[in-house]
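Work through the three exercises below with the model open. Try each task before reading its solution.

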Amino acid sequence: MSGEAGPETGGPRSEGPRITDPEKTVGLEIRGLEVRYGPVRALRGVHLSVPGGAVAAVLGANGAGKTTLLRAVSGTLRFHRGAITSGTVAFGGSRLDGVPAAAVVRRGVVQVPEGRRVFARMTVAENLRAGALGVPGRLAATARERVLDLFPVLAERAHQRAGLLSGGEQQMLAIGRALMAGPSLLLLDEPTLGLAPLMAARIADTVRQINAQGTSVLLVEQNAAMALALAERAYVLEVGEVALSGPAADLAASDEVRRRYLGVGATHSDRPVGTDSGPTPEEHERPARHERTRLARWTA
Amino acid sequence: MAVFLELLVNGISVGAVYALIALGFVVIFKATEVVNFTHASLLLAGGYVIARLHPLIGFWAALAAGIAAAALVGALVEFLILRRAHVGSRGVLAIVTIGVDILLTTELTRRIGTEVLALGDPWGDRVLRLGPVTVAETRVVALAVAAALIVAFLLAFKFTGWGVAMRATAEDAETAALMGVRLGRVSLSAWAVAGALAAVAAMFLCVFPTPGLDRGTAAAAMKAFPAAILGGLDSTTGALAGGLIVGVTETLMSGYQSELAFLGRGIGDAAPFLVMIVILLLRPSGLFGTKEPARV
Ligand SMILES: Nc1ncnc2c1ncn2[C@@H]1O[C@H](COP(=O)(O)OP(=O)(O)O)[C@@H](O)[C@H]1O
Ligand SMILES: [Mg+2]
């Protein structure tokens, strides 16, 4: 893991296209992103970056736009009649916005969808095979080895229908299926949602392991404690905008985040508290130490 | 008893041919959720190419050309029309396919005119005698070929990357796209495969004892619709069962027509649709289906 050593690519770079300079473009770069579903604006002025090899977390209440953000990266907005109306998404220096979902996979960016969405009528083995459909066949064998090594239970259940697995096993399958494409960036949408604490911890460990093997991770979570423990950088989305961002450790220590996302007065080793309370009306108290604790307001 | 056995063998053979057509219909529905009413004209196109080309290049080459032509027409309909028809509802898309079907069928029947076109097949009117049972050779070949094609198709559906992509798309298209599956290709290949199967079916529908390809052939192809629907629109097993049920019912009803005179003439032609209605009343999503056509 690159820890905090990674270059600060997420800063509000003075404008101008940043397509050149390959040194600093290995990773995901989202700039000034606005997404609409018809008349509904779900995201605006979102800046976010995931340096190569890093784990970044996106926190936020229900409806904040976390899933929309991942859809914008994976090219699946069109399945929901949504579209990027402004801003850019780039990975490894080349643009992803406007690229169809299947081509995004071939660029090495793979999303594990919210709610797992395993192919319930297919077997576990067939689900894994489906995960490798977008990449050359010769890569599948090594990818399968890696996946079964991470999740031995998938080997035991290889010939069971995926619909019959438990929630935790389905999540493992969903992650394993995504890894079959050998992604360099994995997008995870609430992987611990609805799982028992022990299983959630198990998934968290796996995410750490996957990252240690060299895959960058963009992790969307409502389980803020877990996400902040895993990530180097974190972003807090509120009603479609980045309300807070900074090193995960700093966010975990901030009063703002502790009160609203980790539970009042809680330390981050405590059990997380749900974020369903939604945005509170009071002003944000901005923790002084954070560089980019700001309400992003970018319009194209 | 011999009569019954003959009718049964003929029914199964015709049913296997209907199953080929229904299978294509089901594959398109699974891959795209579109109820494809263009199917009868794909079949007619394949048959027409075989009929016109066999005097020039011989039967087998003409058959290959007919299969390729029907696959191409299917792919073109998908690529030029359905892919570009950005209408929200599947129901509207189904109506678009009806429009395309009418256009194609009108043009093809205009070309056929009042002729009855022979297909130049090598089997002619030879019959096989198995004890007391007499069956046309064409029927035996149809049964064997249809069964082989169906088995090959099901194996491909189960075991090849193409099949896994088709099934994944059928179950959850968005997630399939997240796996790198190119949905456009899946849809295109479904239409091409359906066209190819329809052309093979066209050939068997037009050989002995049928006099040949004529403007009524499209109507014969329509019997595969009840086969697909009563089996369950999204089930390959259903397409097989539906095809056999329709083929056997139709053949038996026609065979015993004199005994069934009280039902009126032409009961054989109406039987598939009657069976379909009865089955849908009992099981709205068909025998093996999971999706009701009405919800499309
Ligand atoms: N398909 C859609 N059509 C219209 N609005 C949508 C659609 N999907 C999401 N939204 C809206 O976009 C906003 C963000 O939703 P989402 O990205 O799902 O949030 P989250 O994942 O953080 O819960 C919400 O206000 C939601 O109502
Ligand atoms: Mg969500």
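Two strands pair if DSSP finds at least two bridges between them. Helices (H or I, at least four residues) and strands (E, at least two) are DSSP runs, numbered from the N terminus. This is a predicted model, in which local features need pLDDT of at least 70 and side-chain atom pairs count only at pLDDT 80 or more, while totals for chains, interfaces and linings use all residues. Residues are numbered from 1 along each chain as its sequence is written, chains are lettered from A and ligands numbered from 1 in the order in which they are written, and side-chain values use heavy atoms, with hydrogens and water left out.

**Exercise 1. Place strand S1 of chain A among its partners.**

Step 1. Start with the hairpin. Two residues separate S1(A) from S2(A). A:Gly38 lies in the turn and has a positive phi of about 55 degrees.

Step 2. Follow the pairing with S2(A), residues 40-51. The two strands run antiparallel and are joined by eight bridges. A:Ile30 has A:Leu48 as its bridge partner there.

Step 3. Turn to S4(A), residues 82-91. This pairing with S1(A) is also antiparallel, over eight bridges. Here A:Tyr37 stands opposite A:Gly82.

Step 4. Check the cover. Of the eleven residues in S1(A) (27-37), ten are buried. Buried means under 20% relative accessible area, exposed over 50%, partly exposed in between (1.4 Å probe, protein chains only).

**Exercise 2. Describe the interface of chain A and chain B.**

Step 1. Count contacts (heavy atoms within 4.5 Å). Chain A brings 27 residues, and chain B brings 23.

Step 2. Take the area. Together the chains bury about 2,200 Å², 57% of it on carbon and sulfur atoms. Buried area is the accessible area (1.4 Å probe) that two parts lose on being put together, summed over both.

Step 3. Find the main contributors. A:Phe119, A:Arg121 and A:Leu133 supply 26% of the area that chain A buries against chain B, more than any other three residues.

Step 4. Look for salt bridges (a side-chain nitrogen of Lys or Arg within 4 Å of a carboxyl oxygen of Asp or Glu). The rule finds four across the interface. A:Arg117 and B:Glu174 meet in a salt bridge at 3.2 Å, N to O.

**Exercise 3. Is A:Leu262 buried or exposed?**

Step 1. Locate the residue. A:Leu262 sits in the segment after helix H10 (255-260) of chain A.

Step 2. Read the accessibility. A:Leu262 counts as buried because its relative accessibility is 2%.
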